[in-house]
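Biologist: Please take a close look at one part of this model, and explain step by step how that part is connected to its surroundings.

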Amino acid sequence: HISLESHLDLHDIKEGMDVYFTCSVTAVPSPTSVHWYHNENHLRANSSSGLLLGNTSLVLQKVERHSSGRYTCRATNTEGQGVSKPILLHVKYSPVCRPGQRWVYGVARNEMIHVACQVDSHPTQVSFNWV
């Protein structure tokens, strides 16, 4: 079973926060290993990128939007392997302009023009003003 540390609200994780997961395992014999996965990709400890692993814990330091996704833990013993149900993490982040947009427009004086601005954000409901 995978869980989020109790003081964290799964629905209010923002960029820059630290996120703590725990994997609770019941097995006989005891597990010989516990591994962590993000979107089915095996995670390896990397302190320089803020990914810390303990026996049954996973710490994501200063999460970013790409940290969003499905997290699972897998425990193994001599009898086989067990996999947790996933926790779906959605990291909230401020709006950012989508890449590939047109940034320069050539227009004549008093000419009407339509300028579009597309942004990515979570949550997706945004409001903004032209300046």
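Modeller: A residue counts as buried when its relative accessible area is under 20%, as exposed when that area is over 50%, and as partly exposed in between. What follows concerns a predicted model, and I begin with the charged pairs before turning to the strands. E15, at 32% relative accessibility, is therefore partly exposed, and R65, at 33%, likewise counts as partly exposed. The side chains of R65 and E15 form a salt bridge with an N to O distance of 3.2 Å. Because R65 sits in the loop between strand 6 and strand 7 while E15 sits in the loop between strand 1 and strand 2, this pair ties together parts that are 50 residues apart in sequence.

The loop between strand 1 and strand 2 also holds D12, whose salt-bridge partner K92 lies in the loop between strand 9 and strand 10 (93–97), 80 residues apart. In that pair the closest N and O atoms are 3.7 Å apart. D12 meets K14 as well, in a salt bridge of 3.2 Å from N to O. Of these three, D12 is partly exposed at 30% relative accessibility, K14 is partly exposed at 40%, and K92 is partly exposed at 24%. With R65 and E15 described above, also partly exposed, the network can be stated: salt bridges with shared partners join D12, K14 and K92. The count of salt bridges in the model comes to 5.

The strands come next. Strand 1, strand 2, strand 6 and strand 5 form, in that order, an open sheet of 4 strands with antiparallel pairing. Strand 1 (2–4) and strand 5 are the edges, each having a single partner strand, so one side of each has no neighbour in the sheet. From one strand to the next, the twist averages 20 degrees. Strand 2 (residues 19–23) is joined to strand 1 by 3 bridges, with I2 standing opposite C23, and strand 2 pairs with strand 6 over 4 bridges, where V19 has L60 as its bridge partner and F21 has L58.

Strand 2 has two faces, a covered one made of V19, F21 and C23, and an uncovered one made of Y20 and T22. In soluble globular proteins, nonpolar side chains tend to be buried together. Here the largest nonpolar core has 20 residues, of which V19, F21, W36, L58, L60 and Y71 touch the most other members. At least two residues of this core come from each of strand 1, strand 2, strand 3 (33–38), strand 6, strand 7 (69–77) and strand 9 (87–89). Y71, leaving aside neighbours within four places in sequence, is in contact with residues including I2, F21, L58, L60, I87 and L89. Y71 also stands opposite H38, within the antiparallel pairing of strand 3 and strand 7 over 6 bridges.

H38 in turn stands opposite N41 in strand 4, and strand 3 and strand 4 form a hairpin with 2 residues between them, where N39 in the turn has a positive phi of about 50 degrees.

Finally, T56 lies in the loop between strand 5 (51–53) and strand 6 (57–60). T56 is partly exposed, since its relative accessible area is 34%. Not counting residues up to four places away in sequence, T56 touches F21, T22, C23, V34 and W36.

Methods: Residues are numbered from 1 along each chain as its sequence is written. This is a predicted model: local features need pLDDT of at least 70, side-chain atom pairs count only at pLDDT 80 or more; totals for chains, interfaces and linings use all residues. Side-chain values use heavy atoms; hydrogens and water are left out. Buried means under 20% relative accessible area, exposed over 50%, partly exposed in between (1.4 Å probe, protein chains only). Contact means heavy atoms within 4.5 Å. Two strands pair if DSSP finds at least two bridges between them. Axes are lines fitted to C-alpha atoms, for helices over the stretch in contact, and angles run from 0 to 180 degrees between N-to-C directions. A nonpolar core is a set of buried Ala, Val, Leu, Ile, Met, Phe, Trp, Tyr and Cys residues joined through side-chain atoms within 4.5 Å. A salt bridge is a side-chain nitrogen of Lys or Arg within 4 Å of a carboxyl oxygen of Asp or Glu.
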